[in-house]
Amino acid sequence: MKLAMVIDTKKCVGCSDCVVACQTENDVPIGYCRDWIIETVNGTYPSIELELRSERCNHCSNAPCVRCCPTGASHIVDGGTVLVTHNECIGCGACIESCPYDARFQHPRGYIDKCTFCYHRVSKGKLPACVSVCPTKCMYFGDLDNSHSEVSQLLGKRRYKTLAPEAGTKPQVYYLI
Amino acid sequence: MKEELFISGRNIPNIDPILHIWHWPISVYLFLGGLAAGLLFFTALFYLLGKEKEMPATVKFASIVAPIALIIGLIALFYDLTHKIYFWKLYTTIRIESPMSWGAWVLLLITPISIFWVLSYFDELFPKWDLKFDFLKKFQHILIKNRLNMALALIPLSIILGVYTGILLSAFNARPLWNNAILGPLFLTSGLSTGVAAIILISKNHFERHLLNKIDIGLIIIELGLITHMFMGLYAGSQVQLEAMQLLVGGEFTIVFFGFVVILGLIIPLLLEFLEVLGYKIPIVIPAVLILIGGLIFRFVMVEAGQITRYLY
């Protein structure tokens, strides 16, 4: 199993519902967020291009945060999801320094926190909170090892990109463009 | 033109707008760790070469600085952890891929050995004091017999400690300024040089100072070469590395880096030490202090500037 998220930048309107859903579902402390929306404007007026992206931890296949973690608190579970065991984390910040996406943060309680691909929901067969609330249904979640899954089909049909592939991290959040 | 904007709002402490997870304790630790590595390396080296008599400061008197530096450094490291009560988890595993895990284990070995080394010379270092307890005297006796073994262990451990202070930073491919292979040798050389400078400050023996001076000249020349190599690597690198180099060349860290680290911390001490070797009367305290201050500022610049550099997407 290789879990991945596919996000259609052509359908996203940047409403921030995914951000609020995540904060509510995961009890993210005030002032912090595990996902966020980026608006990219490319070009010079009048020929400009707008792209909206809902970003989060990319659950990289070659995760630098897991490599740099001195205690093994950051680890990869079945399905390729990158998780942090809170009571093994010493809060050294090595994983934050190693993340090209700045997807991790120091929780006010001290440990390092980030998107979990809603592991607690996905392991019960539900969708991640952000995916389940998206009003334009621009987010898809599924197994890339299964060629019949929605995400595999979409990546087969559409053009897509990942973020900073030059960092060599093999991100598992794909953006349809 | 390309503009990127958070439209969902994001202002996470220490991460937005620029990353600042590692603060001054990390820079201080990297300096003290390098200093201790340099001191212990030369202590062990000259002990193994049998120069205990000719170089008393190197082998005996200066070695007291190493455990003090290591302990202050460890306190600084501990202070910068945010989930402190779980720090012992470092010692429940060995993670070959994580430089920080290596460093934690090396520190666990080298700190007690550096204390034992001082204890083995306790009678000469503190002639007025007495090791009151019998078991301490017995332990000291064992240590004196094992000086050779301690010195043999200190050579590889001090080199690993010195390299580790650089590798710690260069392992993060997300920070282009740090992500170059030269940082390990560069921090090791800088650490050895600050170690020699500290011994020179303590030494009262003319022969010893003269020899250390010559060693330091060699180390500074190597360090200048390695800094040049670092810039060549960044200059020939990708866009992110070019932008990282901009911070040091023509950016906000230029004056601090070239003024305080390269000129005041390396070139001027090099010239002064060279003049001293040629026979001019130069107060040797000046180059030694300049090297120590330059080494400290170098760590601050690298830690602060490195965290500003990032991948663009």
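In the predicted model, helices α1(B) and α12(B) cross with a right-handed sense. The two helices, the second of which covers residues 285-308 of chain B, pack at an angle of about 135°, and their axes are 8 Å apart. Angles over 145 degrees would count as roughly antiparallel and those from 65 to 115 as roughly perpendicular; α1(B) and α12(B) are therefore oblique to each other. On the side of α1(B), the contact is made by Ile26(B), Ser27(B), Leu30(B), Phe31(B) and Gly34(B). The residues contributed by α12(B) are Gly295(B), Leu296(B), Arg299(B), Phe300(B) and Val303(B).

Helix α1 of chain B also takes part in the largest nonpolar core, of which it supplies the largest share, 16 residues. This core has 138 residues in total, and those with the most contacts inside it are Met139(A), Ala36(B), Leu39(B), Leu40(B) and Ile199(B). Three of these names, Ala36(B), Leu39(B) and Leu40(B), fall within the span of α1(B), residues 24-48. When neighbours within four places in sequence are left aside, Ala36(B) is in contact with Ala66(B), Ala69(B), Leu70(B) and Ser114(B).

Chain B contains 12 helices and one strand. The strand comes at the N-terminal end of the order of elements, which runs β-α-α-α-α-α-α-α-α-α-α-α-α. The radius of gyration of chain B is 21 Å, close to the 20 Å given by the globule rule for 313 residues, so the chain is as compact as a globular protein of that length. Along the principal axes, the C-alpha atoms of chain B fill a box of roughly 70 × 50 × 30 Å. Of its 313 residues, 46% count as buried. Among the contacts in chain B with a separation of 6 or more, 75% are accounted for by residues 24 or more positions apart.

Chain A has six helices and 10 strands. Its radius of gyration is 16 Å, close to the 16 Å that the globule rule gives for 177 residues, and chain A is therefore as compact as a globular protein of that length. The C-alpha trace of chain A spans about 50 × 40 × 35 Å along its principal axes. Buried residues make up 44% of the 177 in chain A. Of the contacts in chain A with a separation of 6 or more, 54% come from residues 24 or more positions apart.

Most peptide bonds are trans, and most residues other than glycine have a negative phi. Departures from both tendencies were examined. In chain A, a cis peptide bond joins Tyr45(A) and Pro46(A), with omega at about 5°. Pro46(A) is placed in the loop between β2 (36-44) and β3 (47-55) of chain A. In chain B, Asp16(B) and Pro17(B) are joined by a cis peptide bond with an omega of about -5°, and Pro17(B) lies in the loop between β1 (2-6) and α1 of that chain.

Positive phi values occur at Ser16(A), where phi is about 70°, and at His59(A), where phi is about 45°. Ser16(A) is found in the loop between β1 (3-8) and α1 (17-25) of chain A. His59(A) is in the loop between β3 and α2 (64-68) of chain A. Ser16(A) counts as partly exposed because 16 C-beta neighbours lie inside 10 Å. His59(A), with 26 C-beta neighbours inside 10 Å, counts as buried.

Key: Residues numbered from 1 in each chain as written. Chains lettered and ligands numbered in written order. Predicted model: local features only at pLDDT ≥ 70, side-chain atom pairs only at ≥ 80, totals over all residues. Core = buried A, V, L, I, M, F, W, Y, C linked by C-beta atoms within 7 Å. Buried ≥ 20, exposed ≤ 12 C-beta atoms within 10 Å, placed from the backbone. Helix = DSSP H or I, 4+ residues; strand = E, 2+ residues; numbered from the N terminus. Contact = placed C-beta atoms within 7 Å. Rg over C-alpha atoms; globule rule 2.2 N^0.38 Å. Axes fitted to C-alpha atoms, helices over the stretch in contact; angles between N-to-C directions. Parallel < 35°, antiparallel > 145°, perpendicular 65-115°, else oblique. Left-handed = near helix turned anticlockwise from the far one by under 90°.
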